[in-house]
Amino acid sequence: MAVSRIAFVGLGAMGLPMAGHLVAAGFTVRGYDIRAESRAALVAVGGAPAETLAQAADGADALLLMVVNAAQAEDVLFAQGALDALAPDGIVVLMATCPPGAVEAIAGRVSASGRRFVDAPVSGGVVGAKAAKLTIMAAAPAGTLAAIRPVLDALGDRIFHVGERPGQGATVKAVNQLLCGVHIAAAAEALALAGRVGVDLAVVLEILSGSSASSWMLRDRGPRMLERAPEVTSAVDIFVKDLGIVLEAGRSAGAALPLAALAHQLFVSTSGRGDGAVDDSQVVRAYRALNGDRM
């Protein structure tokens, strides 16, 4: 059967525009968020609000979870009754960044109920969510993915089938976040060195951004590293969480990840000084603290 009725849980900075795109694509969307103002915002874009998670999932063909972590996903599905309220052949789509092992465990409980499961973390952040240009890394049997594909197509422009087993999507996302976190930390280290010796950082950034040393993260985060209080597009604490997931995935796979571990400590250090909610480019502050700089 075609998926037409969607329950969407997690109407935050990414979830709300994603739900709006689904409404615009012609799906019937009922959403839930703990914040009343977020539920009201869904109404403003044509969706229907739910007062409880079970009400949101009641009879839905698919339940999309854009929550913070695996613990929240488990609470929504099992403790709050959303899974039992979902249509008997419904599809649960977990789009949050979670440890692969936790995803496998959740998928097992979903499958035991007779429902289907898609491990589909996303990359692209708030900008990608607003533009419907997310990269989605989906792991599910081919038939399940085909059923949910029109939903995913309304949310992203790069949909990849990375495998059939739950946890494979989460692992690919962990690999993505490993590189993102390390690249941000490396860019911060380079700019901290340039700043330490008094070179004009704007000039250095222009040079690096056009050289073989460049990366997407340098070009995107670098300019914000030169600001004292840049706009927050992704917080330091996001990488504290995500690099923690990367390290957990490494331990589970028996893979040594020394660069990821060091980058994680830099983000933890920045967060520990009270900067967890600032833009993740401000991991550069960890280097300033290490070097005794007053900037």
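This is a short tour of a predicted model, with suggestions for what to select at each stop.

Residues are numbered from 1 along each chain as its sequence is written, and side-chain values use heavy atoms, with hydrogens and water left out. Because the model is predicted, local features need pLDDT of at least 70 and side-chain atom pairs count only at pLDDT 80 or more, while totals for chains, interfaces and linings use all residues.

**Stop one: the cysteines**

Select Cys98 and Cys180. How many disulfides does the structure hold? The answer is zero, a disulfide being a pair of cysteine sulfur atoms within 2.5 Å. For Cys98, the nearest cysteine sulfur is that of Cys180, 17 Å away. Are these two residues buried or exposed? Cys98 is buried, with a relative accessible area of 1%, and Cys180 is buried too, at 15%. Here buried means under 20% relative accessible area, exposed over 50%, and partly exposed in between, using a 1.4 Å probe and protein chains only.

**Stop two: two crossing helices**

Keep Cys180 in view and select helix H9, residues 168–196, together with helix H12, residues 236–253. Helices are DSSP runs of H or I with at least four residues, numbered from the N terminus. The axes of H9 and H12 come within 9 Å and cross at roughly 125 degrees; these axes are lines fitted to C-alpha atoms over the stretch in contact, with angles running from 0 to 180 degrees between N-to-C directions. That angle makes H9 oblique to H12, since angles under 35 degrees count as roughly parallel, over 145 as roughly antiparallel, 65 to 115 as roughly perpendicular and the rest as oblique.

Now show the side chains where the helices meet. On the H9 side, look for Ala174, Gln177, Leu178, Cys180, Gly181 and Ile184; their partners in H12 are Phe239, Asp242, Leu243, Val246 and Ala249. Contact means heavy atoms within 4.5 Å.

**Stop three: Arg39**

Move to helix H2, residues 36–44, and pick Arg39. Arg39 is buried, with a relative accessible area of 14%. Not counting residues up to four places away in sequence, Arg39 touches Leu11, Tyr32, Asp33, Ile34, Pro49, Ala50 and Glu51.

**Stop four: Ala147**

Finish at Ala147, in helix H8, residues 142–153. Which residues is Ala147 in contact with, leaving aside neighbours within four places in sequence? They are Val3, Ile91 and Arg116. Try a distance label from Ala147 to Ile91: the two are 56 residues apart in sequence and 8.9 Å apart in space, C-alpha to C-alpha.
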